[in-house]
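Hello,

Here is the structure I promised to pass on. Please open it first, then read my notes below.

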Amino acid sequence: MQELVGPCATRAFAISGSKPTDEFAGDYPKLIRPDFHVYYVRLMDIQQRPASRTAIGVAVLRAMHELYDDFPKILSDPVIPLLLDDGVLEKAKANLEWLRASRNMALRSHVVLRSRYAEDCLHEAAVCGVNQYVILGSGFDTFAYRQPGWAAPLRIFEVDHPASQRAKVECLGLSGISLPPNLEFVPADFESTSVRDVLSLSSLDFSAPAFFSCLGVLVYLPTYSIKAIFQLVASFPKPSEIVFTFSQGSYSSGDQSASDSSVADAAAAVGEPWRTYHEPEALGRELVGNGFSQVSFLSPQEAKHLYYRDRRDGLPPPRRIAIARAIV
Ligand SMILES: C[S@@+](CC[C@H](N)C(=O)[O-])C[C@H]1O[C@@H](n2cnc3c(N)ncnc32)[C@H](O)[C@@H]1O
């Protein structure tokens, strides 16, 4: 992971570093109501946090999939290579051994699978008339910039930590990728602010159904922030839903567990330690307790059947459950 985030991170930090924090902090009073003086002060504090390096790391993995894995792609994402610094792509291309290492393959596979599965579920929801898509911890997610025709009625909300979001917006500008009119950026720190309060200042309609995704984020959050996210989604009208990933965290057996453990170590090494783990059974009970009427987990067998049939590039299907879907 450290290898992965290097050059690209340099670009993102260089961008962030050029105008440290004032610009975003100056914007906040417009986004957060003027009477939220306390929020303003706290937001000034959290600006000290750098842009997420794990967000850049997974973006690189998606680019590697787009550029080097076989067709059909699990996730077709022609935008992500455009968002990244040429240097990092060249470095990865020059290191095919790294690209083909089994742990890297497993992680790349997980990263593209979770986005593909979330977008397939979103498609189903959109067909049923859900027209709000909230991407929690959006990182370098590119759905908004490669929207298929069925997404036209959607309003899309990218919610991320202010530092990460700022780096992404600047990368988008540098890459010349235009912002679609149905996209809104909502900066929020899930730990120090109420995501509900922050979203209530956006144009998100709390009285209409919404589809939420939260991919590769929960492991970084404390339990109270995760609970707040579940409660937020559950408060939306039927058939709102959330697709999210989690880590089971027990590293005792199986290749994927070992791989999870090494990913967690790499994330900790770049200052983003994994903090929260879930077991599917207890998670299912928690979601039902929060008011969700249907909870399902993407099983390895189902994932293999849906997305990995006839692959010849060695991209492995998941070995254990890490993706959940909960419908209000
Ligand atoms: C590993 S990245 C995943 C990004 C994206 N979901 C994807 O799959 O490409 C984790 C994301 O969680 C965000 N994040 C972590 N802690 C956060 C917090 N306390 N508040 C808001 N966002 C946070 C980071 O900014 C980063 O964008």
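One definition to start: a residue counts as exposed if 12 or fewer other C-beta atoms lie within 10 Å of its own. Also keep in mind that this is a predicted model.

That definition settles the status of Asp310. Asp310 has 6 C-beta neighbours inside 10 Å, so it counts as exposed. Its backbone deserves a look too. Asp310 is not a glycine, yet its phi is positive, at about 65 degrees. You will find Asp310 in the loop between helix H14 (300–307) and strand E7 (323–327).

Next, the cis peptide bonds. One joins Phe71 and Pro72, with omega at about -5 degrees. Pro72 sits in the loop between H4 and helix H5 (80–83). Another cis peptide bond joins Lys238 and Pro239. Omega is about -5 degrees there. Pro239 belongs to the loop between helix H11 (223–234) and strand E5 (241–245).

Now the ligand. There are 21 residues around it. Which of them come nearest? They are Ser52, Gly137, Gly139, His161 and Ser164. Helix H4 (residues 53–68) gives the most to this shell, with 3 residues. H4 also comes up above, as one end of the loop that holds Pro72. By residue class, the shell divides into 9 nonpolar, 8 polar and 4 charged.

If you want a route through the model, start at the ligand and find Ser52 and His161, two of the nearest residues. Then go to helix H4. Follow the loop after H4 to Pro72. Finish at Asp310, in the loop between H14 and E7.

Best wishes

Notes
Residues numbered from 1 in each chain as written. Predicted model: local features only at pLDDT ≥ 70, side-chain atom pairs only at ≥ 80, totals over all residues. Near = placed C-beta within 6 Å. Helix = DSSP H or I, 4+ residues; strand = E, 2+ residues; numbered from the N terminus. Nonpolar A, V, L, I, M, F, W, Y, C, P; charged D, E, K, R; others polar. Buried ≥ 20, exposed ≤ 12 C-beta atoms within 10 Å, placed from the backbone.
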